[in-house]
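Thanks for making time this morning. I would like to walk you through one model, moving from its interior to its rings and then to its last helices.

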Amino acid sequence: MTQTSSPDLQPATLSPLHLRLIMVLVTGALFMEILDASIIITALPSMARDFHSSAVGLNIGVSAYLVTLGILIPASGWIAERFGTRRIFTLAIALFTLASALCGQAGSLAEFVALRVFQGAAGAMMVPVGQVIVLHCTPRDKLMVAMSNLIWPALIAPVVGPPIGGFITQHLSWNWIFYLNVPVGLIAMIAAWKLVPDSHGGDSHRAFDWRGFAITAIGTFALLAGMEMLGATGRLPSLALIGAGLVILLFAYRHMRRHTAPMVRLDNLAIVTFKATIRGGSLSRAGVASVPFLVPLLLQVGFGYSPSEAGLVLIALFAGNLAMKSVTTPVLRTFGYRRVLIGSSLATFVGIAGGALLTPTTPIPVICAFLFFSGMTRSMHFTTLGTMAFSDIPKPQMGDATSLFNTSIQLMMASGIALSALAVKLGGPLAEKLGASGPDMGYRFAFLPLSLLCLATLVEALRLPRDAGDSFVGRKSGT
């Protein structure tokens with residue numbers, strides 16, 4: 001992946017107001033893209049009835065969206081470099097809006113999944129290009145604030161999505177979840193054309209790495225399709241597809257290491273802080289991504305809550321995210337990335353594993369208190385990983401880092417949902433063998449294996465230098 005910067009897109013060319021407006025536009029686009037991955041979660045039971053499927057089986061509509069993002073995000077940099085950031089960003093918003101309107105009219109599961117792929121393709125161009133614009137327009141001393149702002153949609157959208165989706169589903173219909181994107185998208189299109197600098201990359205005539213794209217796309221699809229099949233059917237032959245995906249992705253890695261102009265440049269993996277967030281942080285995100293997926297289904301299918309009730313309870317998770325927002329930067333400046341990452345990894349593990357202790361008789365205030373704590377740990381962990389990833393990246397390499405970072409996020413979020421479905425499927429029979437039964441047992445069991453993924457970040461954090469990323473948050477080394 002090449003960077004999408006250019007000589008005419010520099011911090012000095014934009015006024016503070018212009019930069020703030022671009023930030024609002026990009027974070028709004030990011031919020032809309034992530035929201036559409038989570039807002040349908042509380043609507044899954046209703047959609048399953050219309051499509052004659054099961055709620056867990058319908059998670060393919062969520063996974064297909066995220067898989068498409070993961071496959072196509074690496075190509076977004078080349079597309080923006082060739083055709084210009086403003087043109088591609090505006091076109092992506094237009095296609096995303098059109099896809100949303102069509103999703104609301106889907107009449108079958110197959111049709112819905114196909115339209116979600118279309119929507120994911122538009123999102124794959126929309127968000128990374130916008131993020132690169134912000135990162136290249138923002139002065140170095142303000143990047144910490146900019147990165148924090150870009151991370152918040154990833155924290156808030158998955159949490160507020162289910163309550164919004166539940167309310168819309170109960171009082172209107174699930175179709176309106178997608179129709180609401182249309183007026184927002186139209187406004188965003190106009191704003192993008194007016195605000196985004198019209199910039200092309202410095203190497204706009206560079207040939208596209210078709211071989212690298214094909215290998216990566218096939219490997220990613222095989223891996224996530226195998227995980228999806230394993231979660232939906234539980235059949236062992238799907239393991240062969242997962243294995244094939246891993247092998248193909250290994251070839252893709254070797255190709256990108258050797259190619260002179262690969263689709264995704266891997267030079268940034270030599271930077272310790274970036275490597276830690278890609279390696280251990282990616283596994284951790286898979287575990288964290290499972291919470292907004294599992295909790296609404298546990299409350300509805302396991303505990304018998306209505307969609308709106310499940311959505312309202314999940315607001316406690318959002319409240320926890322919000323409560324932690326104001327203290328994240330001071331905590332990082334006081335203790336440093338390494339110590340905060342160690343603590344947040346352990347706290348996030350507890351915040352996910354504790355879901356296994358919830359029962360149909362657990363009082364709602366207790367459930368809300370648990371979700372509030374989980375939201376706090378989730379917020380600290382996400383912000384720490386997201387800002388540390390770019391703490392030591394040189395400005396000219398921001399484009400490459402953004403593409404690789406976003407690709408890993410989307411792949412692991414899709415993996416988290418597929419793994420959640422698999423854990424639910426395996427958890428029910430296992431619970432019965434242990435003498436426990438009930439519609440909630442599979443969901444409760446699923447929290448345990450998924451929480452273990454957060455410990456991968458703990459391993460990476462322990463390997464970090466004590467002063468890792470200190471200069472990025474304005475912390476003096478040795479304090």
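What follows is a short tour of nonpolar cores, aromatic pairs, charges over rings and two helices.

Please keep in mind throughout that this is a predicted model, and that side-chain atom pairs are counted only where pLDDT is 80 or more.

Let me begin with the interior, where the largest nonpolar core has 131 residues, and where F89, M126, F274, L371 and F390 are the members that touch the most others. The element that gives the most to this core is helix α11, residues 272-302, with 13 residues. There is also a second core, separate from it, which has 11 residues, among them V67, A217, L224 and A418. Coming back to M126, and leaving aside residues up to four places away in sequence, we find that M126 touches A29, M32, E33, F89, A92, I93 and F96, so you may wish to display that set together.

Turning now to the rings, the count of aromatic pairs comes to seven. In one of these, W176 and Y179, the centres are 5.3 Å apart and the planes are at 85°, and because an angle over 60 degrees counts as edge-to-face, that is how this pair is classed. Both residues belong to helix α7, residues 175-179, and, being three residues apart there, they are separated by about one helical turn. Are these two rings buried or exposed? Neither label applies, because W176 has a relative accessible area of 42% and Y179 one of 25%, and values between 20% and 50% count as partly exposed.

F208 and F213 make a tilted pair, with 5.6 Å from centre to centre and 55° between the planes, and here both residues are buried. Together with W210 they form one aromatic cluster.

Two arginines also deserve a look beside the rings. R86 lies over the face of W193, at 4.4 Å from the ring centre, while R378 has its charged end over the ring of F382, 5.6 Å from the centre.

Finally, the last helices on my list. Helix α15, residues 441-451, is mostly covered, with eight of its 11 residues buried, and those buried residues include Y443, R444 and F447. Y443 is 17 residues from L426 in sequence, yet their C-alpha atoms are 9.6 Å apart in space. L426 itself lies in helix α14, residues 398-433, and, at 48% relative accessibility, L426 counts as partly exposed, whereas Y443 is buried.

How values were computed
Residues numbered from 1 in each chain as written. Predicted model: local features only at pLDDT ≥ 70, side-chain atom pairs only at ≥ 80, totals over all residues. Heavy atoms only, no water. Helix = DSSP H or I, 4+ residues; strand = E, 2+ residues; numbered from the N terminus. Buried < 20%, exposed > 50% of the residue type's maximum accessible area, 1.4 Å probe, protein only. Core = buried A, V, L, I, M, F, W, Y, C linked by side-chain atoms within 4.5 Å. Contact = heavy atoms within 4.5 Å. Phe/Tyr/Trp six-rings, centres within 6.5 Å; stacked < 30°, edge-to-face > 60°. Lys NZ or Arg CZ within 6 Å of the ring centre and 35° of its normal.
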